[in-house]
Amino acid sequence: MIELAFSILSADFAHLADEIDRAVHGGGTIVHVDVMDGHFVPNITFGPPVVKAIRPLTKLPLDCHLMIENPDEYIPAFAAAGADMVSVHVEACRHLNRTLQLIADHGMLPGVVINPATPVEALSEVLSMVHHVLVMSVNPGFGGQKFLPRSVERIAHLRRLRHELGLNYRIEVDGGVAHDTVASVVEAGAEMLVAGSAIFAPGQPQKTEENAREFLRVARAAI
Ligand code: DX5
Ligand code: ZN
């Protein structure tokens, strides 16, 4: 099932409730929350208080992408704030198995994220533990970057592995996924499509719903 996980990083933070409504009307079914700490990535965004503030606005799953060091320390706070899915970077976790287990123990769906320069093989020991694998198709830290084409082969590789290993993790892709790149990632096997700047246009809130609808139309046409 193809789903749009719209990234609120590109939304108008002063009107987050309206922005979420518009993306949902356009067909978005997952709220993607980009958490950055200024250490793991060169940018700072938001944390559990923002997750808590948006929790009552929607019944849709809140998909928290943690681009932070020491994620274990914050997992209880994300659970208490109402997160449904939490993804951690393989590059940020010294004891990845423990961290994924901690997410599951807090009643959330664990995901693992992989940066463009990390070999897919680095995930082999944890694939059976995760609900989803998030393939970064840009270097994390900012919205609006250019899609890295090698990501397509990495997604296809994860789909092959899933089949070979008899697993059922979902494949998510994040970064530069837009109307012109989405078909290639869907063809390769991505099912949870993160998009920020392709959905939210600064100063043009009336476009959000249409952007989401068109994005999903192009994505579903590629299956
Ligand atoms: C980047 C974030 C992404 C970002 C995507 O570090 O993880 O979720 O918001 O933004 P776009 O869709 O604009 O590349
Ligand atoms: Zn993200």
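**Exercise 1. The second largest pocket**

Find which residues line the second largest pocket of this predicted model, and sort this lining by class.

*Solution.* Begin with the residues themselves: the lining of the second largest pocket is made up of Asn 70, Pro 71, Asp 72, Ala 92, Cys 93, Arg 94, His 95 and Thr 99. Next, sort them by class, which gives three nonpolar, three polar and two charged residues. Finally, add the volume, for the second largest pocket holds about 160 Å³ of space.

**Exercise 2. The largest pocket**

Determine how much space lies in the largest pocket, which residues come closest to its centre, and which elements give two or more residues to its lining.

*Solution.* The first step is the volume, and the space in the largest pocket comes to about 250 Å³. The second step turns to the lining, which counts 25 residues, with Phe 142, Gly 143, Asp 174, Gly 175 and Gly 176 closest to the centre of the pocket. The third step assigns the lining to secondary structure, where β2, β3 and β8 are the elements that contribute two or more residues. The last step is the division by class: 12 residues of this lining are nonpolar, 11 are polar and two are charged.

**Exercise 3. The shell around ligand 1**

Locate ligand 1 relative to the pockets, and describe the residues around this ligand by nearness, by element and by class.

*Solution.* Start with the location: ligand 1 sits in the largest pocket. Taking a residue as near when one of its heavy atoms lies within 4 Å, one finds 20 residues around ligand 1, of which Asp 34, Gly 144, Asp 174, Gly 176 and Ser 197 come nearest. Moving on to the elements, β2 (30-36), β3 (62-67) and β8 (192-195) each provide at least two residues of the shell, and the largest share, three residues, belongs to β2. Sorted by class, the shell around ligand 1 consists of eight nonpolar, 10 polar and two charged residues.

**Exercise 4. Polar contacts and burial of ligand 1**

Identify the partners of the oxygen atoms of ligand 1 at Ser 7, Gly 141 and Gly 144, and state how much of the ligand's area the protein buries.

*Solution.* Consider the side chain first: an N or O atom in the side chain of Ser 7 is 2.9 Å from an oxygen atom of ligand 1. Then consider the backbone, where an N or O atom of Gly 141 lies 2.8 Å from an oxygen atom of the ligand, while a polar backbone atom of Gly 144 is 2.7 Å from an oxygen atom of ligand 1. To complete the picture, ligand 1 taken alone exposes 380 Å², and the protein buries 99% of that.

Methods. Residues are numbered from 1 along each chain as its sequence is written. Chains are lettered from A and ligands numbered from 1 in the order in which they are written. This is a predicted model: local features need pLDDT of at least 70, side-chain atom pairs count only at pLDDT 80 or more; totals for chains, interfaces and linings use all residues. Side-chain values use heavy atoms; hydrogens and water are left out. A polar contact is a pair of N or O atoms within 3.5 Å; within protein, one must be able to donate a hydrogen and the other to accept it, and residues adjacent in sequence count only if both atoms are side-chain atoms. Accessible areas come from the Shrake-Rupley method with a 1.4 Å probe; for residues, only the protein chains shown count as cover. On a 1 Å grid over the protein atoms alone, a cavity is a set of points where a 1.4 Å probe fits but cannot get out, and a pocket is an open set with protein on both sides within 12 Å along at least five of seven lines; lining residues have an atom within 4 Å of a point. A molecule sits in a cavity or pocket if more than half of its atoms lie within 2 Å of its grid points. Helices (H or I, at least four residues) and strands (E, at least two) are DSSP runs, numbered from the N terminus. Ala, Val, Leu, Ile, Met, Phe, Trp, Tyr, Cys and Pro count as nonpolar, Asp, Glu, Lys and Arg as charged, and the others, Gly among them, as polar. Grid points are joined across faces, edges and corners, and a volume is the space filled by probe spheres set on the points.
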